[in-house]
Amino acid sequence: MTVGTPSPFVYWAQDLQNIFLKVDLKDVKEKIINIQPYGIEMGAEGVGAHGATYYHFRLNFYKDVVSKVNVEHQTKITDRSVEIILRKELDEQWPRLTKHNQKPAWLKVDFERWQTEDDEDDDLPEINANKRLRDIHGDYPGLYEKLKKDEFGYRKEDMKKVYLVLYNLSQFVFYIYIFVVMSVRYAKENVDSMPGTYDAVGTVMKFCQLIQFLEVMHPLFGYTTGSTCIAFAQVTGRAAILFVMIDAEPRMQSKPVVFYLFLIWSIIEIVRYPFYIAQIFKLNVSFLTWLRYSVWIPLYPLGILCEGIIILRNIPYFEETNRFTLSLPNAWNFTFHCPTVMKLYLLFLFFPGMYTMMRHMYNARVKKLKPNFWKRKMK
């Protein structure tokens with residue numbers, strides 16, 4: 001078998017004594033079927049989902065089937081498929097066909113072919129159109145629900161993994177773009193590049209920030225195990241700085257502090273998203289894990305300080321323009337003075353908010369990087 005050889009769709013069913021396989025291949029030629037107690041391998045020329053070509057598949061069974069020395073497994077080739085009956089070594093129901101939980105996408109449950117015990121009149125039933133087959137739903141209701149859940153659960157699990165990989169990869173690419181553009185501009189123009197930072201990467205940064213609101217919904221949908229409240233606080237806080245404090249005030253966009261803030265944000269995310277991708281595939285990359293739970297130590301305080309400076313610098317601008325300020329009289333009989341709220345935030349919430357965020361990250365670091373972390377990895 002060569003890399004890229006397609007696998008045909010394989011449908012399976014069972015009774016207490018047998019495993020039934022149906023390989024969805026038409027006009028099969030030059031077949032090779034190798035049946036072992038622990039699994040089956042098949043290669044054949046035929047017409048399947050990928051058209052007329054060579055197909056190959058291999059399966060390791062949940063438990064052993066009877067050795068061919070003791071009994072001859074039955075194989076029947078029709079114009080539409082290859083049907084195989086395998087005798088189980090022990091008379092019992094299998095919870096799944098494969099040894100491992102991860103089921104290949106081309107393996108399907110054959111819900112139309114399930115046989116009850118009282119249908120068996122021979123030690124090894126023949127493949128026979130007259131054999132009375134019953135619906136699994138009526139004969140094995142508990143097993144039916146489990147197999148149905150597993151069948152669609154595999155698809156849901158696969159789609160969830162694909163979505164999370166694409167999401168984290170796209171965010172990683174966007175933040176790499178922001179970091180590279182800023183770095184190239186700074187290498188060419190030095191500090192003269194800072195006033196034009198927002199014009200150069202502001203649109204991409206806003207897009208990334210809007211997409212990050214999906215991270216608030218991921219825990220709600222069961223895609224991730226993080227806290228929805230913490231994700232909401234982090235994403236909303238950054239969005240307020242970006243859209244309310246920077247995007248809404250053109251005079252702030254040219255300040256050097258915006259350059260430093262964007263640089264800090266992009267570095268944090270360039271580390272965070274690859275770590276998440278590794279977690280999806282359950283890969284434990286020691287250096288990446290350490291980096292994810294250590295890079296925040298210098299960058300989070302600097303980023304929060306930049307955000308505080310932006311809010312402080314915006315106070316006179318907002319007092320001058322009355323932006324986001326609601327004065328009486330109005331239909332709601334309510335007043336809102338945005339500069340006052342900004343001052344109260346800096347006086348009473350800025351440092352407690354910083355402490356809460358740093359404490360959360362510290363606890364996550366202690367939990368993830370337990371004592372002697374590097375010593376264990378070096379062994």
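Which residue of β5 is the bridge partner of glutamate 45? In this predicted model, the partner is tyrosine 54. The pair belongs to the junction between strand β4, residues 39-48, and β5, where 10 bridges hold an antiparallel arrangement. A helpful way into the fold is to follow this sheet outward, then turn to the second sheet and finally to the helices.

The sheet containing β4 and β5 is open and has three strands, ordered β3-β4-β5 and paired antiparallel. Its edges are formed by β3 (26-36) and β5 (51-60), each of which pairs on one side only. Neighbouring strands here are turned against each other by 10 degrees on average, direction ignored. In general, strands of a sheet pair through backbone hydrogen bonds, in either a parallel or an antiparallel sense.

Both senses of pairing come into play in the second sheet. Five strands make up this open sheet, in the order β6-β7-β2-β1-β8, and the pairing is mixed. β6 and β8 (107-109) stand at the edges with a single partner strand each, so one side of each lacks a neighbour in the sheet. The average turn between neighbouring strands of this sheet is 20 degrees, direction ignored.

At one end of the strand order, β6 (residues 74-77) and β7 (residues 82-87) run antiparallel and are joined by four bridges. A hairpin of four residues connects β6 to β7, and threonine 75 has isoleucine 84 of β7 as its bridge partner. Strand β1, residues 10-14, pairs instead with β8 in the parallel sense, over three bridges. Here tyrosine 11 is matched with lysine 108 of β8.

The helical part of the chain can be set beside the database annotation. The unreviewed UniProt entry places "transmembrane region" features at residues 162-184, 220-245, 257-275, 295-313 and 334-355. In the model, residues 162-184 are 100% helix and 0% strand, with the end C-alpha atoms 32 Å apart. For residues 220-245, the corresponding content is 69% helix and 0% strand, and the end C-alpha atoms lie 29 Å apart.

Helix α9, residues 296-321, deserves a closer look. This helix has 26 residues and spans 36 Å from its first C-alpha to its last, close to the 38 Å expected at 1.5 Å a residue. A bend of about 35 degrees occurs at isoleucine 315, and proline 316 follows within four residues. Just beyond the end of α9, asparagine 322 adopts a positive phi of about 60 degrees.

Where does α9 meet α7? The contact involves Val257, Tyr260, Leu261, Ile264, Trp265, Ile267 and Ile268 of α7, together with Leu299, Tyr300, Leu302, Gly303, Cys306, Glu307, Ile309 and Ile310 of α9. The axes of the two helices come within 9 Å and cross at roughly 145 degrees, and the crossing is left-handed. As a general point, an α-helix has 3.6 residues a turn, so residues three or four places apart point the same way.

Helix α7 (residues 256-280) also packs against α3 (residues 197-211), with axes that come within 11 Å and cross at roughly 40 degrees. This crossing, too, is left-handed. On the α3 side the contact is made by Thr197, Tyr198, Val201, Gly202 and Met205, and on the α7 side by Phe259, Phe262 and Trp265. Trp265 of α7 thus appears in the contact with α3 and in the contact with α9.

Conventions:
Residues are numbered from 1 along each chain as its sequence is written. This is a predicted model: local features need pLDDT of at least 70, side-chain atom pairs count only at pLDDT 80 or more; totals for chains, interfaces and linings use all residues. Side-chain values use heavy atoms; hydrogens and water are left out. The expected span of a helix is 1.5 Å times one less than its number of residues. The bend at a residue is the angle between axes fitted to the seven residues ending there and the seven starting there. Two strands pair if DSSP finds at least two bridges between them. Axes are lines fitted to C-alpha atoms, for helices over the stretch in contact, and angles run from 0 to 180 degrees between N-to-C directions. UniProt positions are given in the numbering used here, feature names are shortened, and annotations may be inferred rather than shown by experiment. A crossing is left-handed if the near helix is turned anticlockwise from the far one by less than a right angle, and right-handed if clockwise. Contact means heavy atoms within 4.5 Å.
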